[in-house]
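Biologist: Hello! I am new to this structure and would like to learn how to read it, one feature at a time. Could you show it to me, please?

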Amino acid sequence: AYSQDVLEHRLNVWSKEAIKQKKNIPNHHSHICITLPDGKRTFGSSHITTPLEVAKNISKQFGNEVIVALVNNSLWDLNVPLVGDCSLKLLKFNDDPLANKVFWHSSSHLLGYAIEQLYGTKVLVQLYNGPAIDEGGFFYDADLVDKTEDLRKLDAIVADLVKENVPFERMELSVDVALEMFKYNQYKVDIIKKLDVGEKISAYKCGDFIDLCRGPHLPRTGMVKAITMTKQSSVHKGGDSNSAQIQRVYGISFPKDKKLKEWFKIKEEAEKHDHRLIGKRQKLFFFHHLSPGSAFLLPHGLRIINKLKDFLRDEYRIRGYQEVETPLTFNQELWMQSGHWEHYSDDMFWLQSDLQGDGKPNPVSLKPMNCPGHCLIYDSVLRSYRDLPIRLAEFTALHRDEPSGSLGGLTRLRQFHQDDAHIFCTRDQIEQEVRDCLDLVDKTYSMFGFDYTLKLSTRPSGFIGDATAWEEAENRLIEILNDTGKRWSINHGDGAFYGPKIDLLIQDAIGRNHQTATIQLDFQLPERFNLSYMNSLGELERPVIIHRAIFGSFERFLGILIEHTSGDWPFWISPRQVSVCSVSEPYNDYATEIYHTLRKNSLYADLDLSDVDLGRKVRQSRLAANTVSIRTRKGEFLPLQSVPELLQYFQKLCTAGVYPSND
């Protein structure tokens with residue numbers, strides 16, 4: 001059978017390579033010093049002592065719960081020996097997003113094993129990719145020829161592998177060995193062939209399953225106490241709509257059964273709050289297959305977004321921001337100068353354009369972000385230190401070529417609008433500007449009743465610029481975060497390619513986390529665009545850029561707000577603040593007059609002239625006294641009020657600007 005042949009071939013290559021590499025393990029072992037986060041030190045032997053041993057020495061229970069290690073701030077497998085003096089941080093599930101991702105990534109390998117076992121005897125199984133998902137959980141893409149419906153069978157196979165409690169083993173492979181080990185899988189072969197001669201690639205083994213992976217992974221499969229496959233779909237390989245479709249199986253896992261039960265409960269509650277259903281019911285937005293990944297915002301949906309923009313514009317006036325607009329399209333040259341070409345070109349929409357003078361095409365793209373355009377604005381005139389800080393804000397549309405399989409409601413779009421701002425400042429001004437950004441974040445999210453935590457995302461592997469500048473930027477942000485008094489943690493290696501960032505993680509009404517606001521420190525773009533200002537001595541200096549978004553994508557934040565409130569909007573941001581209802585046709589003129597009065601006073605009012613069977617006495621008394629009766633959304637009747645009193649009442653609700661609202 002195919003599965004058995006592949007399994008035996010991989011295991012034979014692995015075994016031969018393991019014997020060969022074992023001979024190269026250093027015989028000389030030196031004493032090493034291991035520094036823990038609290039400053040305490042412990043000691044071990046190089047190439048022998050593992051992070052897992054250190055964890056078990058702290059306590060047996062801790063050793064059983066720890067997921068992954070950070071060695072000198074780099075992710076490290078718990079059962080891989082340390083090689084020298086180092087700092088060591090041991091992470092449990094939910095201690096750090098990185099630990100959760102490692103847990104879910106390891107779970108995806110269990111799924112890959114199950115897919116091969118279940119379908120390998122029937123069809124040619126080509127496993128492609130199996131990452132953790134930012135929102136929680138994991139998936140595995142596989143070319144199965146036909147779509148599968150056997151999720152529970154996959155669960156059963158995975159459960160058996162968990163019971164076996166086999167270890168995850170890591171091995172570094174040369175290009176030749178890797179090509180031989182995975183020669184049956186063209187997807188893996190394509191990945192390996194992209195490596196340079198002499199470069200290494202890592203693979204992991206758990207039980208009889210072996211897969212290419214940079215890791216790290218759990219120590220043993222038995223740590224996955226609760227796991228289930230949740231759904232499946234067809235996707236294009238690598239998100240390329242021109243490639244063939246393959247099957248994607250999703251799953252979720254936790255270290256305790258209790259966590260999985262809580263997840264199902266949250267999922268069930270989330271379905272009741274689904275912004276796609278509420279948005280359709282309240283006529284806020286819709287989607288159309290002729291423009292996939294782009295939302296049609298209807299009048300009432302746009303009212304909410306405009307309220308968010310109005311709030312920010314008021315803050316911008318107070319805090320000294322200037323609103324600008326930059327073009328939607330830019331030449332490829334801009335993205336090459338900014339560095340986005342190397343890191344982002346595959347996610348951009350490219351347009352046909354006229355040929356240049358030399359007859360060569362002139363590639364033009366829709367902009368996916370505003371920062372390079374703002375650099376051009378800054379560089380359009382000579383700047384003095386007296387001009388700084390310069391705070392540029394923009395709300396224009398951005399476009400990113402997201403894979404079709406990743407699109408979902410308002411949470412992931414190809415066209416969106418962002419509350420983008422870039423602050424050009426001196427190094428001495430960084431602290432005050434970042435603090436002001438954090439103050440705006442706190443004011444904004446307190447207004448909606450969101451609890452939030454902060455994350456410092458540090459230098460990623462594909463960073464640009466000088467490592468020393470990165471360290472300086474990270475240390476400045478650490479000092480600021482320590483002074484906030486807010487809870488914060490480090491998200492190692494998840495910074496933007498041009499600089500470290502502070503990300504905001506909010507928790508909605510049903511306990512789900514969403515990453516929204518971001519504050520990013522950038523020493524790289526000023527270098528790339530040769531930006532400068534004249535200092536007090538008449539010398540040119542480089543400014544620093546702070547990239548800043550408060551809501552992030554307005555469309556995505558609208559989706560979060562819908563689910564947070566379940567469509568039960570606080571009055572000040574409600575798209576339907578007042579519904580004026582005429583009790584019958586003779587009173588239509590009076591209802592219309594009130595409707596126009598409310599709208600003239602900047603209230604979102606809707607007019608309903610349909611007949612309602614109310615008591616004649618109530619109708620006459622209301623009209624005679626030139627008053628109106630008010631009923632809240634919850635069905636409560638408020639005392640009769642005159643129109644001026646009504647306006648005062650509504651204005652009070654609008655200026656309250658808080659959530660939740662009982663009115």
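Biologist: Let me start with a small detail: which residue in β9 is the bridge partner of Ser 174?

Modeller: In β9, Ser 174 has Lys 200 as its bridge partner. Before we go on, please keep in mind that this is a predicted model. As a general idea, the strands of a sheet pair through backbone hydrogen bonds, in either a parallel or an antiparallel way. Here, β8 and strand β9 (residues 200-206) run antiparallel and are joined by seven bridges.

Biologist: What is the order of the strands in the open sheet that holds β8, β9 and β10?

Modeller: The order is β8-β9-β10, and the pairing is antiparallel. The edges are taken by β8 (168-174) and β10 (209-212); each has a single partner strand, so one side of each is left without a neighbour in the sheet. On average, neighbouring strands of this sheet are turned by 25° against each other, with direction ignored. Helix α4 packs on this sheet and touches β8, β9 and β10, its direction making about 120° with that of β10.

Biologist: Now the open sheet of four strands. In what order do they come?

Modeller: Read them as β6-β7-β12-β11, again with antiparallel pairing. The edge strands are β6 (126-129) and β11 (226-236), each of which pairs on one side only. From one strand to the next, the twist averages 30°.

Biologist: How many bridges join β7 to β12?

Modeller: Five bridges join strand β7 (residues 138-143) to strand β12 (residues 245-254), and the two run antiparallel. To find your place along this pair, look for Phe 139, which stands opposite Tyr 250 in β12.

Biologist: And which helices should I look for around this sheet?

Modeller: Let us take two. Helix α4 (residues 97-119) packs on the sheet and touches β6, β7, β11 and β12, with its direction at about 30° to that of β7. Helix α7 (residues 186-193) lies across β6, β7 and β12, running at about 45° to β6.

Biologist: α4 has come up for both sheets. How do I read its contact with another helix, and at what angle do the axes of α4 and α5 cross?

Modeller: For a helix pair, look at the distance, the angle, the handedness and then the residues. The axes of α4 and helix α5 (residues 151-164) come within 9 Å and cross at roughly 120°. Angles of 65 to 115 degrees count as roughly perpendicular and those over 145 as roughly antiparallel, and α4 and α5 are therefore oblique to each other. Their crossing is right-handed. Among the residues that meet are Leu 110, Leu 111 and Tyr 113 in α4, with Lys 153, Leu 154 and Ile 157 among those in α5. By class, the contact of α4 with α5 has 12 nonpolar, one polar and one charged residues.

Biologist: Let me try another pair. How do α14 and α15 cross?

Modeller: The axes of helix α14 (residues 430-447) and helix α15 (residues 467-484) come within 10 Å, crossing at roughly 45°. That makes α14 oblique to α15, and the crossing is right-handed. The contact is made by Ile 430, Glu 431, Val 434, Arg 435 and Leu 438 of α14, together with Arg 476, Leu 477, Ile 480, Asp 483 and Thr 484 of α15. By class, the contact of α14 with α15 has five nonpolar, one polar and four charged residues.

Biologist: What about burial? Is Arg 303 buried or exposed?

Modeller: Buried means under 20% relative accessible area. Arg 303 has 14% relative accessibility, so it counts as buried. This residue is found in helix α10 (residues 299-319). Leaving out residues up to four places away in sequence, Arg 303 touches Pro 575, Arg 599, Tyr 604, Ala 605 and Asp 606.

Biologist: How many residues of helix α13 are buried?

Modeller: In helix α13 (residues 371-378), six of the eight residues are buried, so this helix is largely enclosed by the rest of the structure. The buried residues are Cys 371, Pro 372, Gly 373, His 374, Cys 375 and Tyr 378.

Biologist: Finally, what should I note about the whole protein?

Modeller: Its secondary structure comes to 20 helices and 32 strands. Of the 663 residues of the protein, 52% count as buried. Along its principal axes, the C-alpha trace spans about 100 × 70 × 65 Å.

Conventions. Residues numbered from 1 in each chain as written. Predicted model: local features only at pLDDT ≥ 70, side-chain atom pairs only at ≥ 80, totals over all residues. Heavy atoms only, no water. Pairing = 2+ DSSP bridges. Axes fitted to C-alpha atoms, helices over the stretch in contact; angles between N-to-C directions. Contact = heavy atoms within 4.5 Å. Buried < 20%, exposed > 50% of the residue type's maximum accessible area, 1.4 Å probe, protein only. Parallel < 35°, antiparallel > 145°, perpendicular 65-115°, else oblique. Left-handed = near helix turned anticlockwise from the far one by under 90°. Nonpolar A, V, L, I, M, F, W, Y, C, P; charged D, E, K, R; others polar.
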